[in-house]
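Student: I would like to learn how to read a structural model carefully, feature by feature. Could we take the structure shown below and work through it together?

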Amino acid sequence: MKIKKKLIFLILFVLVLSSSLLLVKESSGKSVVVYNVSVIIRGKNSEIWSRIKAGMEQASSEMNVNLRFISLLEENNAMEQKNILEREMNSDIDAIIISPADYNELSSLIENINKKIPIVLFESTIDTKQDIPYISCDNYELGKSLAEEVIRNGNSRSNIAIVKSDLSCSSTKERYDGFIEEISKSKNTYELIEMPLDDSKLYNKIRTLIDENRTKAIVSFDPSLLESIGKAKKYVINNSEIKHNIELYGTGCTSTIISLIEENIISSISMQNEFNVGYLSIKSAVLKIEGKKNSDKINITSTLINSRNMYSKENQKMLFPIIR
């Protein structure tokens with residue numbers, strides 16, 4: 001009787017072991033496809049791109065993408081982007097995602113590469129008739145909404161100082177155009193001003209603008225410059241007996257910009273959901289690699305953020321996206 005029980009136990013053990021080995025064999029036989037995707041931004045690898053990068057990394061982990069995030073040595077350098085594009089085109093990649101530094105100059109090269117390798121545009125676009133996916137908010141409307149905020153804050157007959165920007169990038173130009181159209185409908189006037197990059201010269205420029213009191217608000221479409229102007233404004237206010245203020249508006253977001261909004265140094269910013277831009281750029285690239293249906297234009301939400309609404313549930317998600 002004992003021998004019979006041992007025999008039954010042995011047979012059951014062998015059957016379980018065989019089933020386990022079969023499952024291991026089957027699971028190990030399934031190969032996971034990993035896509036190599038290069039992302040080329042139009043600036044340096046600074047905090048300005050951190051939320052977009054976080055969205056890309058989240059999507060890459062979910063979609064088996066090997067992400068190569070490539071930054072420039074110089075901001076908005078179209079020639080540098082051209083060299084990187086040509087290098088990446090000849091490397092072992094499955095797709096390229098790029099934020100073009102120039103609307104016109106990069107068009108031909110990107111169109112030629114798109115015939116061989118899937119390309120996705122994000123944040124800014126190019127002059128093309130090809131069906132190239134583009135992930136961004138409506139930058140023109142973003143610019144208009146910022147102008148509406150300036151007017152809503154009591155500026156009806158003020159002089160607005162708009163910081164000169166490089167308008168070769170489509171997103172910056174569209175935001176600028178939207179702002180100018182909307183502010184021109186009001187009785188406000190505006191002037192274009194240069195801002196020095198040197199900290200001491202920037203401080204003196206802000207000090208002069210505040211002392212002269214000829215400008216009620218400054219608007220910048222460059223996040224790096226907005227951050228620098230904000231820090232200079234804060235320093236001027238904290239180290240002088242100036243009794244009047246100057247409003248500051250802009251686009252884009254960094255941790256410093258968030259702090260300056262909290263302190264009411266920056267009045268408002270207009271920004272898109274940058275995490276979603278990054279996430280959907282990777283998703284769009286994977287769909288294109290796999291030959292699946294893909295939208296040519298994916299509109300991302302954008303919103304105005306100030307000290308009054310920055311801690312709302314929705315704005316918190318945009319400012320501090322939770323990475324899973």
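Tutor: Let us begin with burial, where a residue counts as buried when its relative accessible area is under 20%, as exposed when that value is over 50%, and as partly exposed in between. Please keep in mind throughout that this is a predicted model. Glu182, at 13% relative accessibility, is buried because its value is under 20%, whereas Lys185, at 56%, counts as exposed.

Student: What share of the 324 residues in the protein chain is buried, and how many helices and strands does the chain have?

Tutor: Buried residues make up 48% of the 324 residues, and the chain has eleven helices and twelve strands. As for how these parts meet, among contacts between residues at least 6 apart in sequence, 72% join residues at least 24 apart.

Student: How should I read a salt bridge, and how many are there by the rule used here?

Tutor: Side chains of opposite charge can pair when their charged atoms come close. In this model the count comes to 20 salt bridges. One of them joins Arg68 to Glu88, with the closest N and O atoms 3.0 Å apart; this pair links distant parts of the chain, since Arg68 is in strand S2 (residues 65-70) and Glu88 is in helix H3 (residues 78-89), 20 residues apart. Arg68 is partly exposed, with a relative accessible area of 37%, while Glu88 is buried at 2%.

Student: Which side chain does Glu263 meet in a salt bridge, and where in the chain are the two residues?

Tutor: Glu263 meets Lys234, with an N to O distance of 2.9 Å. The pair again links distant parts of the chain, Glu263 being in the loop between helix H9 (255-262) and strand S10 (268-272) and Lys234 in helix H8 (residues 223-238), 29 residues apart. Glu263 is partly exposed at 39% relative accessibility, and Lys234 is also partly exposed, with a relative accessible area of 29%.

Student: Which residues are joined into one network by salt bridges that share partners?

Tutor: The network holds Glu141, Lys144, Glu181, Glu182 and Lys185. Within this group, the side chains of Lys185 and Glu182 meet at 3.4 Å, N to O.

Student: Turning to helices, how do I compare the length of a helix such as H10 (residues 274-289) with what is expected?

Tutor: The expected span is 1.5 Å times one less than the number of residues. For the 16 residues of H10 this gives 22 Å, and the end C-alpha atoms are 23 Å apart, which agrees. Helix H6 (residues 170-184), with 15 residues, reaches 21 Å from its first C-alpha to its last, close to the 21 Å expected.

Student: Which residues of H10 are buried?

Tutor: A general point helps here: an α-helix has 3.6 residues a turn, so residues three or four places apart point the same way. In H10 the buried residues are Glu274, Phe275, Val277, Gly278, Tyr279, Ser281, Ile282, Ser284, Ala285 and Val286. Val277, one of them, has 0% relative accessibility, and, leaving aside residues up to four places away in sequence, it touches Ile52, Phe122, Ile135, Gln272 and Ile300.

Student: How do the axes of helix H2 (residues 50-62) and H10 cross?

Tutor: The two axes come within 6 Å and cross at roughly 40 degrees, and the crossing is right-handed. Residues of H2 including Ile52, Ala54, Gly55 and Met56 meet residues of H10 including Phe275, Val277, Gly278 and Ile282. The residues of this contact divide into eight nonpolar, five polar and three charged. Val277 and Ala54 are 223 residues apart in sequence, yet 10.0 Å apart in space, C-alpha to C-alpha.

Student: Finally, which residues take a positive phi although they are not glycine?

Tutor: Glu123, with a phi of about 75 degrees, and Asn264, with a phi of about 65 degrees, are two cases. Glu123 is in the loop between strand S4 (119-122) and strand S5 (134-136) and is buried at 5% relative accessibility, whereas Asn264 lies in the loop between H9 and S10 and is partly exposed, with a relative accessible area of 47%. Gly291, just after H10, takes a positive phi of about 70 degrees.

Key. Residues are numbered from 1 along each chain as its sequence is written. This is a predicted model: local features need pLDDT of at least 70, side-chain atom pairs count only at pLDDT 80 or more; totals for chains, interfaces and linings use all residues. Side-chain values use heavy atoms; hydrogens and water are left out. Helices (H or I, at least four residues) and strands (E, at least two) are DSSP runs, numbered from the N terminus. Buried means under 20% relative accessible area, exposed over 50%, partly exposed in between (1.4 Å probe, protein chains only). A salt bridge is a side-chain nitrogen of Lys or Arg within 4 Å of a carboxyl oxygen of Asp or Glu. Axes are lines fitted to C-alpha atoms, for helices over the stretch in contact, and angles run from 0 to 180 degrees between N-to-C directions. A crossing is left-handed if the near helix is turned anticlockwise from the far one by less than a right angle, and right-handed if clockwise. Contact means heavy atoms within 4.5 Å. Ala, Val, Leu, Ile, Met, Phe, Trp, Tyr, Cys and Pro count as nonpolar, Asp, Glu, Lys and Arg as charged, and the others, Gly among them, as polar.
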